Amino acid sequence: MYFFSFTHEGQNAIGLKTKNGNFNFSIALDIYQQSQGTKQPIPVTFLQVLVEMEFCSNEVANEVMENAWVQAKMGELRVAPDVCMDLPIGRPGKIIGVGRNYKNHVKELDHDIPELPLFFCKATSSLIATDQPIIIPEWLDTRVDHEAELAVIISKQGRSISEADAMDYVAGFTILNDVTARDIQKEDVNSAHPWFRSKSMDTFCPVGPGITPADQDLDPHNLDIVLTVNGEIRQKNNTKNMIFTIPQIIAEISKYMTLLPGDIIATGTPEGVGPIYNGDIIEIKITGLGTLTNKVGL
Ligand code: MG
């Protein structure tokens, strides 16, 4: 089960994907509130859900969907199985990347294993949703790589968060492709410049398809990650092989900056990164999180 964003009759809306199909969760929430005798403005983006309603929960989703008033309207709440999904969280405050977090990926790029998590930033203007195209500009004729990653969505504001408390700040999980202009990144690494432009080009941050709540029965430190290009497996690993765990990453970065609801942390990519070209179809699957699909080029 995961939440997703979509457009319903010209308005933003939140959907829920379950084994029984896709449903309009914004309308279900409205009906549920009427059944409880409360009436609040219904959030239409996931960032609003996190900020105003302070939930991202399997338990709440089940309570809403199993409500008798909601059940009576299930037919009207159905959304097409091939509904076009928007950015799961809209435009978050920041996207934090973690570099070199799987040993074999560190080796393939010939670097040393880091002693602390290595952070960089991706611009939020680089975000695209599932099924939207990755565009490599015509002038860029050097290598661009895929990087399959588990991404964490922050639920609430926090600073100096302890490892013990870190998972209380996680709303849920999604899939992120940390698309990287590799040769430009190498130029910057060699000149001791930050890895910013190579990671932040427009369309270089596909995210989605939705957000799987953290209270779902899934261990984020034991999820299979598989990336295929045109159906051929290029990356295959498991999040148990991350060097730094999610609590370690959150504790370390929150020493330096306040984490805000909706912030995205990409937890690093395993080995198998490689170049992508116009016409390629890139699919990333992570256990319990669905499939993120993006074509390269229009
Ligand atoms: Mg990466």
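1. In this predicted model, Glu-149 and Asp-178 are both buried. These two residues are also donors to the magnesium ion, which is coordinated by Glu-147 (OE), Glu-149 (OE) and Asp-178 (OD) at 2.0 to 2.1 Å.

2. Along the sequence, the donor residues of the magnesium ion follow the spacing E-x1-E-x28-D. Glu-149 belongs to strand β10 (residues 148-154), while Asp-178 sits in the loop between β11 (170-177) and α7 (182-190), so the pair ties together parts that are 29 residues apart in sequence.

3. Turning to the interior, the largest nonpolar core has 43 residues, and those with the most contacts inside it are Ile-250 and Ile-265. At least two residues of this core come from each of β6 (95-99), β10, β11, β13 (224-229), α8 (246-253) and β17 (281-286).

4. When residues up to four places away in sequence are not counted, Ile-265 touches a set of residues that includes Ile-96, Val-98, Leu-150, Val-152, Ile-249, Ile-250 and Leu-259. A second, separate core of 34 residues has Phe-46, Ala-151, Ile-153 and Cys-205 among its members.

5. As for the cysteines, the count of disulfides comes to 0, where a disulfide would need a pair of cysteine sulfur atoms within 2.5 Å. Cys-56 is in no disulfide, and its nearest cysteine sulfur, that of Cys-205, is 18 Å away; Cys-56 is buried, with a relative accessible area of 12%. Cys-121 is likewise in no disulfide, the nearest cysteine sulfur being that of Cys-205 at 10 Å, and Cys-121 is partly exposed, with a relative accessible area of 36%.

Note on methods
Residues numbered from 1 in each chain as written. Predicted model: local features only at pLDDT ≥ 70, side-chain atom pairs only at ≥ 80, totals over all residues. Heavy atoms only, no water. Donors = N, O, S within 2.8 Å, 3.2 Å for Na, K, Ca; no water. Helix = DSSP H or I, 4+ residues; strand = E, 2+ residues; numbered from the N terminus. Buried < 20%, exposed > 50% of the residue type's maximum accessible area, 1.4 Å probe, protein only. Core = buried A, V, L, I, M, F, W, Y, C linked by side-chain atoms within 4.5 Å. Contact = heavy atoms within 4.5 Å.
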